[in-house]
Amino acid sequence: MTDAKVELPGFEERVAEVRGTPLRYLACGEGEPLVLVHGLGGAAANWLALAPLLVPGRRVLVPELPGHGGSAPLAAAPSLNAYADRLGLLLEREGCAPAAIVGHSLGGAIAVRLAIRLPAAVRALVLAGAAGISSGSRNARYALTVTGIVKPGRKIAPYRRRVARSDTLKRLVFGRWGAADPPALSPELVEAYLAGPARHTDTVSAAKALVRDDVRLDLDRVRCPSLVLWGARDNQLSLADGFDYARRLRAPLRTIADCGHLLIAERPVACADAIADFLAASR
């Protein structure tokens with residue numbers, strides 16, 4: 001197992017078998033339950049900058065999705081429901097339902113499915129640069145297919161320390177699709193993002209499930225308070241997707257200035273403040 005203290009300081013590493021699938025997750029704190037769900041190709045370490053800011057007064061769980069990081073792959077994943085159901089069972093096992101769920105990218109789409117399928121398990125929903133609106137477009141399908149075949153993250157992972165210490169390599173790896181200002185990412189954050197892919201066993205199934213899913217058809221079934229959080233310079237999932245989510249959910253949209261798709265790493269304090277304000281208002 002990876003040392004959770006290295007990934008997220010103060011967090012404890014746990015593994016639970018959920019419907020036949022071993023899931024790795026990190027846990028910390030006491031209080032109101034809060035769950036942080038990473039994106040496609042991500043891992044628990046993606047929350048390195050943000051998770052510690054959200055711990056005070058909360059029980060924070062950071063699961064790794066099936067096939068990602070230290071979690072086993074699913075035998076079959078015809079839709080995002082398979083991921084959402086296991087997340088719901090993990091909450092039940094931990095005694096953390098109902099919980100507030102913060103989902104980034106793919107994690108946002110899975111969080112939406114969880115809120116629809118198990119409304120009693122979700123107290124509030126924060127969608128941070130969430131996938132699900134334009135993810136089924138032709139361009140998105142092509143990009144996800146190519147990424148699944150080429151697996152660039154796995155190829156880059158062995159060189160993560162070199163990337164972390166080079167502004168030029170940061171731009172090559174995180175520019176355009178990820179961060180608005182890649183050189184501003186700390187070496188620790190760069191390594192955190194690039195360490196996970198070396199341990200992935202199946203991210204292709206999640207990508208295929210994502211492009212088959214169209215959450216727009218079901219957003220009117222979300223009953224919990226919701227917040228849409230978006231990087232103002234997100235080039236991977238445009239701000240138009242954020243407006244669409246906000247309109248369909250009748251939810252507030254908070255844009256975070258000067259950051260891209262990796263807003264949870266680029267502007268963790270701004271994200272933490274927005275999440276804390278929203279959760280306090282939605283009690």
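Relative accessible area sorts residues into three classes: buried means under 20%, exposed over 50%, and partly exposed in between, computed with a 1.4 Å probe on protein chains only. The exercises below concern a predicted model, in which local features need pLDDT of at least 70, side-chain atom pairs count only at pLDDT 80 or more, and totals for chains, interfaces and linings use all residues. Residues are numbered from 1 along each chain as its sequence is written, and side-chain values use heavy atoms, with hydrogens and water left out.

**Exercise 1. A salt bridge of strand E3**

Determine which class of accessibility glutamate 32 belongs to, and state where its salt-bridge partner, arginine 283, lies.

Solution.
Step 1. Glutamate 32 has 31% relative accessibility, so this residue counts as partly exposed.
Step 2. A salt bridge requires a side-chain nitrogen of Lys or Arg within 4 Å of a carboxyl oxygen of Asp or Glu. The side chains of glutamate 32 and arginine 283 meet in such a bridge, with N to O at 3.0 Å.
Step 3. Glutamate 32 belongs to strand E3, whereas arginine 283 is in the segment after helix H13 (268-281); the pair links distant parts of the chain, 251 residues apart. Helices (H or I, at least four residues) and strands (E, at least two) are DSSP runs numbered from the N terminus.
Step 4. Arginine 283 has a relative accessible area of 64% and is exposed.

**Exercise 2. Two further salt bridges**

The whole structure contains 20 salt bridges. For the partners aspartate 218 and arginine 113, find the N to O distance; then do so for glutamate 191 and arginine 165.

Solution.
Step 1. Aspartate 218 and arginine 113 form a salt bridge at 2.8 Å, N to O. Aspartate 218 is in the loop between helix H10 (204-212) and E7, and arginine 113 is in helix H4 (residues 106-117), 105 residues apart.
Step 2. Aspartate 218 counts as buried at 18% relative accessibility, and arginine 113 counts as buried at 8%.
Step 3. In the salt bridge of glutamate 191 with arginine 165, the closest N and O atoms are 3.0 Å apart. Because glutamate 191 lies in helix H9 (residues 187-195) and arginine 165 in the loop between helix H7 (160-164) and helix H8 (167-174), the pair ties together parts 26 residues apart in sequence.
Step 4. Glutamate 191 counts as buried at 19%, but arginine 165 counts as exposed at 59%.

**Exercise 3. The surroundings of strand E4**

Identify the strands that pair with E4 and decide how many of its residues are buried.

Solution.
Step 1. Two strands pair if DSSP finds at least two bridges between them.
Step 2. Strand E2 (residues 21-28) runs antiparallel to E4 and is joined to E4 by four bridges; leucine 26 stands opposite valine 62.
Step 3. Strand E3 (residues 32-37) pairs with E4 in the parallel sense, also over four bridges, and valine 35 stands opposite leucine 61.
Step 4. In E4 (residues 58-63), six of six residues are buried.
Step 5. In a regular strand the side chains alternate between the two faces of the sheet. From E4, Arg58, Val60 and Val62 point one way, and Arg59, Leu61 and Pro63 the other.

**Exercise 4. An aromatic pair**

Classify the ring pair of tryptophan 230 and tyrosine 245 as stacked, edge-to-face or tilted.

Solution.
Step 1. Rings of Phe, Tyr and Trp (its six-membered ring) pair if their centres lie within 6.5 Å; planes under 30 degrees apart count as stacked, over 60 as edge-to-face and the rest as tilted. The structure holds three aromatic pairs.
Step 2. In this pair the centres are 6.4 Å apart and the planes stand at 45°, so the pair is tilted.
Step 3. Tryptophan 230 lies in strand E7 (residues 226-231) and tyrosine 245 in helix H11 (residues 239-249), 15 residues apart.
Step 4. Tryptophan 230 is buried at 0% relative accessible area, and tyrosine 245 is buried at 0%.
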